[in-house]
Amino acid sequence: MMLRVANAYHKTQSILACRTRCVSSTPTSGPAKSFPKEHELLPSSQSPIISTLKFFNSVTVDGSQIPTYRVLDSAGQPIEGGSIPEEIDESMARRMYENMVQLPIIDNLMYNVQRQGKLAFYMTHYGEEATLIGSAAALANDDEVLGQYRELGVLMWRGFTLADMMNSSFGNCEDPCSRGKQMPMHFGSRKHHFHMISSPLATQIPQAAGVAFALRRDPHRRGKNCAVVYFGEGAASEGDFHAGMLFASTLPSPTLFLARNNGFAISTPANEQYYGDGIAARGPGYGMHTVRVDGNDVLAVYNAVKEARRLCIAEGRGVLVEAMTYRVGHHSTSDDSFAYRPRQEVEDRKRLDNPLARFRSFLEARGWWSAEEDDALKARVKDEVLREFRKAEALPKPEVRELFEQVYGGEEPWILKEQREELGMLLKKYGDAWEPWKTELKKHKGAGKELMDPKP
Ligand SMILES: Cc1ncc(C[n+]2csc(CCOP(=O)(O)OP(=O)(O)O)c2C)c(N)n1
Ligand SMILES: [Mg+2]
């Protein structure tokens, strides 16, 4: 199927289908015939004049739903006309599949250990592997990514290791993201051009438009990079979504908006988040090139994001991709989704439209993968995940002083200096005397001594 990026393509068509008659409605101060042709239209638009009263409520010509772009069918075979990107050769395809397989193995372990009380929090990626890896593979590794919280696969594609991921999840002294200052899943890595995740939903969306604007102003990165913002269909109900879209389309800035429409915002189903045709329908409202893609088809996601990125950078403005997928897991470890959706629905989705199974069939049909390799990969990744988990679990928490460091850029504000001194004083007074603090301090590298007796 041809990849078609729409930008309000019905804008003129359904209206033009009516009998049209152009008149000048622009207030004139002189004879109408002296106005140039474009002034024969409504002020500020090229809209033709019609005499039939007609409302519209769709961005397609015939009022149908926005189509979904696909390359592979649900059995992993290319559909008629489906184009396999040239650069997806055996080694690239295997790399993509291996990255996809890694995610549920990490998820299984982390979900279970959280349940055993070893971790504060975790969010799984089940069902969204193709959206994450297909998009990550289509970007340049130095495009700026602003994620929501379910995009670990994108960061790992760029070289963030299992050890990094585990250390960050435990917030231990090797945590490369925030040294324990952030919640688990709130990754960030300057090295990998992946901005720190924030908990308040959708704040990353206008921030991405701003990051993209800065890219456009930078002579070294203008025309080379874009900012990519991932968000859920639930987050798209926030005002910040609209602010970001408007910013990127009017100022404008090369922002690639990637909506992961996984059907749920915690317990609220997608159809209660919007009344229109999903998130894609909003793109043309902001004058943005838009495409809806099958988010469980890794090759379709790859093609769509690659083309979206090209358009975004070539035109220096926002582009919207809506990836249709399904959140197979619970929202997070704080959720039990069977309280609001039938277990059978999840089982059916896993069986009928499984992104991993689809891509594996594709690989096997080409002789690029085998059952033996699959078993070996899964066993190897499982061992690695467990090994890195055990190492990270055994490491102490960061030195207490680190709580105050790397919070703001530039010079340390006086308020942090005061707070650090106050904490040092309190630790000195109660650190050895009060049992809860005594126990807690022992978990930290240096047991808080560096604050109690700071070096001058
Ligand atoms: C401003 C704000 N409101 C509410 C929340 C609580 N909250 C966290 S995640 C979430 C659902 C988000 O759903 P969606 O954007 O679809 O992402 P998904 O979890 O499906 O990936 C909500 C309501 C929040 N973090 N921030
Ligand atoms: Mg969602």
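This short presentation describes the overall make-up of a protein model, one enclosed helix, two helix pairs and the surroundings of a ligand.

Good morning, colleagues. Please bear in mind throughout that the model is predicted.

I begin with the protein as a whole. It contains 14 helices and 8 strands. Along the principal axes, its C-alpha atoms fill a box of roughly 90 × 60 × 45 Å. Of the 456 residues, 40% are buried. If one takes the contacts with a separation of 6 or more, 75% of them are between residues 24 or more positions apart.

Let us turn to helix H3, residues 129-138. Why may this helix be described as largely enclosed by the rest of the structure? The reason is that 10 of its 10 residues are buried. The buried stretch begins with Glu129, and among the others are Leu132, Ile133, Gly134 and Ala138. Which elements cover these residues? They include four helices, namely H2 (90-115), H4 (152-157), H8 (298-315) and H10 (355-365), together with strands E4 (255-261) and E8 (319-324).

Two of those covering helices, H2 and H10, also meet one another. Their axes come within 11 Å and cross at roughly 155 degrees, and the two helices are therefore roughly antiparallel. The crossing is left-handed. On the H2 side, the contact is made by Ala93, Tyr97, Met100 and Val101, while H10 contributes Pro355, Leu356, Phe359, Arg360 and Leu363. By class, these residues divide into 8 nonpolar, no polar and 1 charged.

A second pair is formed by helix H5, residues 162-170, and helix H11, residues 371-394. Here the axes come within 9 Å and cross at roughly 40 degrees, which means that H5 is oblique to H11. The crossing of H5 and H11 is right-handed. H5 makes the contact through Leu162, Ala163, Met166, Asn167 and Phe170, and the residues of H11 that take part include Glu384, Val385, Glu388 and Phe389. The contact of H5 with H11 has 7 nonpolar, 1 polar and 4 charged residues.

Finally, I come to ligand 1. Which residues around it come nearest? Of the 16 residues in its surroundings, these are Leu201, Gly232, Gly234, Ala235 and Ala265. Strand E3, residues 227-232, supplies at least two residues of this shell, and so does strand E5, residues 264-265. Sorted by class, the shell has 7 nonpolar, 5 polar and 4 charged residues.

That concludes the presentation. Thank you for your attention.

Technical notes:
Residues are numbered from 1 along each chain as its sequence is written. Chains are lettered from A and ligands numbered from 1 in the order in which they are written. This is a predicted model: local features need pLDDT of at least 70, side-chain atom pairs count only at pLDDT 80 or more; totals for chains, interfaces and linings use all residues. A residue is near a molecule or strand if its C-beta atom, placed from the backbone, lies within 6 Å of it. Ala, Val, Leu, Ile, Met, Phe, Trp, Tyr, Cys and Pro count as nonpolar, Asp, Glu, Lys and Arg as charged, and the others, Gly among them, as polar. A residue is buried if 20 or more other C-beta atoms lie within 10 Å of its own, exposed if 12 or fewer, and partly exposed in between; C-beta atoms are placed from the backbone. Two residues are in contact if their C-beta atoms, placed from the backbone, lie within 7 Å. Axes are lines fitted to C-alpha atoms, for helices over the stretch in contact, and angles run from 0 to 180 degrees between N-to-C directions. Angles under 35 degrees count as roughly parallel, over 145 as roughly antiparallel, 65 to 115 as roughly perpendicular and the rest as oblique. A crossing is left-handed if the near helix is turned anticlockwise from the far one by less than a right angle, and right-handed if clockwise.
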